[in-house]
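Student: I would like a close look at one helix-to-helix contact where two chains meet, together with enough of its surroundings to place it. Please take your time over the terms.

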Amino acid sequence: MELNKTEQLEAARALIAAIESDNNEQAQQQLTILTQTQESALFNEVGKLTRELHESMSNFNLDSRLIDLTKNDMPNTRERLNYVITTTEAAAHKTLGFIDQTLPLASELKQTAENINESWHRFRMKEMTADEFRALSKEIEAYLPEVTNHSEQIHANLSEMMMAQGFQDLTGQVIRQVISLVEEVEDSLVQLVKIAGKHIDEQPKKDKQVDAVKAEGPQINAADNPNVMNDQDEVDDLLSSLGF
Amino acid sequence: MKILIVDDFSTMRRIIKNLLRDLGFSNTVEADDGLTALPILQAGGIDFLVTDWNMPGMQGIDLLKAVRADEKLSNIPVLMVTAETKREQIIVAAQAGVNGYVVKPFTAATLKEKIDKIFERIDAQ
């Protein structure tokens, strides 16, 4: 119940008149009328604040993206980062393994070449017996195909080492996704601070778009998802089922 | 035979370039996404396109569609080399007219097999 200015003045005048005429009952009545106005204004204000607080809290609760982030994206990010660790680890081991295989091949070639070179030098200096020369010929005969074989093996090993570097692309795609998630979390936290600081205008919630064809980078849990092809063979099967 | 390799990661472009060189294709050019690849294609002289899918700017699938939509480019064979392995994605790529689809991580033998297959088909036509 609110009084306008005229009503307030009227009540105030009546209050003064009642006090002057020692009419206590009338004075009390007028005083109640006047204070009631104050109280109802206060109640209104408290009511308004309560409503705002309630809305803020509901906004906060209903900010499904934030909940989604904590419930789904964060654990997902842990998996992604673990994928980065295992992928880089596997690539490093693969590379180191091929290095381990390649170094002895190079050493063998070098060692045999040095031996032959030494013998050849002795032959050129005419320091070699006929038997020694026969042995040298056999050694050279065995060495030449060995050079071919070892070179082929070294080439193959180097190619494998090169292929292992593909981890940089795969993990790079995953790290980019994590970076964009971190940015989103940052934005959400800024929103949260704003809500906690003061009531903000309600913003339209962005629905997470579901696009089946959108590029996602490497699948982290391919085995758990029947919609994802696990390897080249599955992709080939799908394509041939499409008449490809 | 001039081949355009499109991937946003320079390491992957280098890997594909080296593999192609081993297969006897030493004439290659590179681009880091669809937007930079298109002008190279439009300038002419590219006989074969190898592209990633997931790239900033213009994605590989959109590059494929743009190539197929361009009268002058529509016959260029396109091999997609990508980590995208969802059923819908592979179907969309097939519908858009991709000639081969290699999933990362891949082997040198797989790349060779798919490239051979593409050229076999072209020769048969």
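In which sense, left-handed or right-handed, does H6(A) pass H4(B)?

Tutor: H6(A) passes H4(B) in a right-handed crossing, a crossing being called right-handed if the near helix is turned clockwise from the far one by less than a right angle, and left-handed if the turn is anticlockwise. Before going further, please keep in mind that this is a predicted model, in which local features need pLDDT of at least 70 and side-chain atom pairs count only at pLDDT 80 or more, while totals for chains, interfaces and linings use all residues, and that side-chain values use heavy atoms, with hydrogens and water left out. Residues are numbered from 1 along each chain as its sequence is written, and chains are lettered from A and ligands numbered from 1 in the order in which they are written.

The two helices are H6 of chain A, residues 232-241, and H4 of chain B, residues 87-96; helices (H or I, at least four residues) and strands (E, at least two) are DSSP runs, numbered from the N terminus. Their axes lie 10 Å apart and the angle between them is about 50 degrees, where axes are lines fitted to C-alpha atoms, for helices over the stretch in contact, and angles run from 0 to 180 degrees between N-to-C directions. H6(A) and H4(B) are therefore oblique to each other, since angles under 35 degrees count as roughly parallel, over 145 as roughly antiparallel, 65 to 115 as roughly perpendicular and the rest as oblique.

From H6(A) the contact draws on Val235(A), Leu238(A) and Leu239(A), and from H4(B) on Arg87(B), Ile90(B) and Ala94(B), contact meaning heavy atoms within 4.5 Å. Sorted by class, this contact of H6(A) with H4(B) has 5 nonpolar, no polar and 1 charged residues. In that sorting, Ala, Val, Leu, Ile, Met, Phe, Trp, Tyr, Cys and Pro count as nonpolar, Asp, Glu, Lys and Arg as charged, and the others, Gly among them, as polar.

This helix pair can now be set within the interface. The size of an interface is often given as the accessible area lost when the parts come together. For chain B and chain A the buried area is about 3,000 Å², and carbon and sulfur atoms give 61% of it; buried area is the accessible area (1.4 Å probe) that two parts lose on being put together, summed over both. On the side of chain B, the residues that lose the most area to chain A are Phe9(B), Lys86(B) and Arg87(B), together 20% of what that side buries. Arg87(B) is also one of the residues through which H4(B) touches H6(A). Counted by residues, 38 of chain B are in contact with 32 of chain A.

Another place where the chains touch is around Leu170(A), which sits in helix H5 of chain A. Leu170(A) counts as buried at 4% relative accessibility, buried meaning under 20% relative accessible area, exposed over 50% and partly exposed in between (1.4 Å probe, protein chains only). Apart from neighbours within four places in sequence, Leu170(A) is in contact with Tyr83(A) and Pro218(A), and with Ala83(B), Lys104(B) and Pro105(B). Two of these chain B partners are joined by an unusual bond: the peptide bond from Lys104(B) to Pro105(B) is cis, with omega near -5 degrees, whereas most peptide bonds are trans. Pro105(B) lies in the loop between strand S5 (100-103) and helix H5 (108-124) of chain B.

For contrast with the oblique pair, consider two pairs inside chain A. The axes of H3(A) (residues 64-124) and H5(A) (residues 167-197) come within 10 Å and cross at roughly 155 degrees, which makes H3(A) roughly antiparallel to H5(A). That crossing is left-handed, and its contact has 14 nonpolar, 6 polar and 4 charged residues. H3(A) also packs with H4(A), at an angle of about 160 degrees and with axes 9 Å apart, and these two helices are therefore roughly antiparallel to each other. The crossing of H3(A) and H4(A) is left-handed as well, and the contact there has 18 nonpolar, 9 polar and 7 charged residues. The loop between H3 and helix H4 (130-164) of chain A holds Lys126(A), a residue with a positive phi of about 60 degrees although it is not a glycine. At 74% relative accessibility, Lys126(A) counts as exposed.
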